[in-house]
Amino acid sequence: MRYLSGSSSDRLKDGTPAESLFDAASTKNIFARIVDRYSISGQQKRIKMGEAYFQAAKRRSIDRLWCTDCKVGKAFRPQHAILTMHVWFLNRRLITDRHNSHQSLLVQEELFDILWYDTKTRIRAQPGINELSVDKHLKDVQNYTFQQCMDFDEAFDIPSSEKKRRDDELGLAIWNNIYLKDDNVPDEFVDGIAKYVAEQHENVVHLLPQNYWTEGRIGFVDIPRMTNKKASPKDLVDDEMEALPDGWFPALTESGESYYWNEQTMNTTWSKPDLSKID
């Protein structure tokens with residue numbers, strides 16, 4: 001929790017008690033916050049922003065290169081860890097936003113609400129999941145999601161002047177949460193994602209222009225290419241993104257059923273769009 005500090009002066013130069021101005025400003029600020037939280041326009045705005053941020057994170061996290069080049073597992077947990085990593089970038093920008101800190105906190109709440117909704121749909125889509133156990137599985141996912149975010153936070157709390165210690169801590173966070181402590185994962189894969197995290201954190205938190213951020217236009221650095229090996233036929237068959245035309249993405253209904261949507265036209269279809277039929 002961040003707090004704003006007021007002036008240490010008890011009285012302004014014209015003799016007006018300083019606290020009277022603070023009270024007026026506080027009253028105005030409280031009213032603005034109430035409008036932001038409860039007005040229809042305020043709710044619509046933060047839902048739109050939260051959805052734009054989440055979709056940017058989701059699109060990047062389902063890129064096939066995480067599996068084919070970075071050798072991230074295709075099971076639920078490592079794939080969720082890649083999504084968590086990209087949500088974490090956005091969360092770091094929100095909690096450090098100085099332009100409208102109150103609205104940023106509301107958007108942060110919305111972003112995580114959308115994440116948990118999406119997580120429940122992916123849990124339901126897993127084979128053998130009973131509806132009665134969905135909430136229990138969600139709590140388990142929330143626990144290791146927050147743990148991953150805290151691991152990343154701890155790495156970036158280390159001063160940049162202590163680069164080696166920060167890199168080691170970040171690499172450990174990636175090995176623990178994304179590669180699930182797999183001793184067979186080469187160091188170059190962990191180091192490659194660690195470099196990506198450092199560059200993407202700088203890009204989103206410090207370099208992305210405010211107008212781009214407000215509009216939900218999130219730029220991403222290139223996914224690390226740690227292998228020159230071409231994707232195997234099995235990789236291509238299993239990969240949902242491989243044969244989709246530009247603009248189409250896989251999605252899930254609330255009950256966990258698969259469908260596809262186009263982010264430009266907002267069209268949806270149950271059938272996988274055929275790349276060969278696109279002009």
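Here a visitor asks about a predicted model and a guide answers.

Visitor: How many helices and how many strands are in the chain?
Guide: Start at the N terminus and follow the elements along. They run α-α-α-α-α-α-α-α-α-α-β-β-β. The chain therefore has, by the runs that DSSP assigns, a simple tally. That tally is ten helices and three strands.

Visitor: What share of the residues count as buried?
Guide: A residue is buried when its relative accessible area is under 20%. The chain has 279 residues to sort this way. The buried share is 42%.

Visitor: Which helix gives the largest share of the largest nonpolar core?
Guide: This core has 53 residues. Several helices each supply at least two of them, including helix 2 (40–61), helix 6 (134–157) and helix 8 (187–207). The largest share is ten residues, and it comes from helix 4.

Visitor: Which residues have the most contacts inside that core?
Guide: Take Ile 193 as an example. Leaving out residues up to four places away in sequence, Ile 193 touches Trp 66, Cys 70, Val 72, Met 85, Ile 174, Ile 178, Tyr 179, Pro 224 and Met 226. Ile 193 is on the list of residues with the most contacts inside the core. The full list is Met 85, Ile 174, Tyr 179, Ile 193 and Val 197.

Visitor: At what angle do the axes of helix 4 and helix 8 cross?
Guide: Two packed helices are described by the angle and the distance between their axes. Here the axes come within 9 Å. The crossing is right-handed. The angle is roughly 35 degrees.

Visitor: How do the residues of the contact of helix 4 with helix 8 divide into nonpolar, polar and charged?
Guide: Helix 4 brings residues including Met 85, Trp 88, Phe 89 and Arg 92. Helix 8 brings Ile 193, Tyr 196 and Val 197, among others. Sorted by type, the residues are nine nonpolar, four polar and two charged.

Visitor: How many disulfides does the count come to?
Guide: A disulfide is a covalent bond between the sulfur atoms of two cysteines. The sulfur of Cys 67 has its closest cysteine sulfur in Cys 70, 8.9 Å away, so the two are too far apart for a bond. Cys 70 is in no disulfide. The count is zero.

Visitor: Are Cys 67 and Cys 70 buried or exposed?
Guide: The cut-off for buried is under 20% relative accessible area. Cys 67 is at 15%, so Cys 67 passes. Cys 70 is at 0%, so Cys 70 passes too. Both count as buried.

Notes
Residues are numbered from 1 along each chain as its sequence is written. This is a predicted model: local features need pLDDT of at least 70, side-chain atom pairs count only at pLDDT 80 or more; totals for chains, interfaces and linings use all residues. Side-chain values use heavy atoms; hydrogens and water are left out. A nonpolar core is a set of buried Ala, Val, Leu, Ile, Met, Phe, Trp, Tyr and Cys residues joined through side-chain atoms within 4.5 Å. Buried means under 20% relative accessible area, exposed over 50%, partly exposed in between (1.4 Å probe, protein chains only). Helices (H or I, at least four residues) and strands (E, at least two) are DSSP runs, numbered from the N terminus. Contact means heavy atoms within 4.5 Å. A disulfide is a pair of cysteine sulfur atoms within 2.5 Å. Axes are lines fitted to C-alpha atoms, for helices over the stretch in contact, and angles run from 0 to 180 degrees between N-to-C directions. A crossing is left-handed if the near helix is turned anticlockwise from the far one by less than a right angle, and right-handed if clockwise. Ala, Val, Leu, Ile, Met, Phe, Trp, Tyr, Cys and Pro count as nonpolar, Asp, Glu, Lys and Arg as charged, and the others, Gly among them, as polar.
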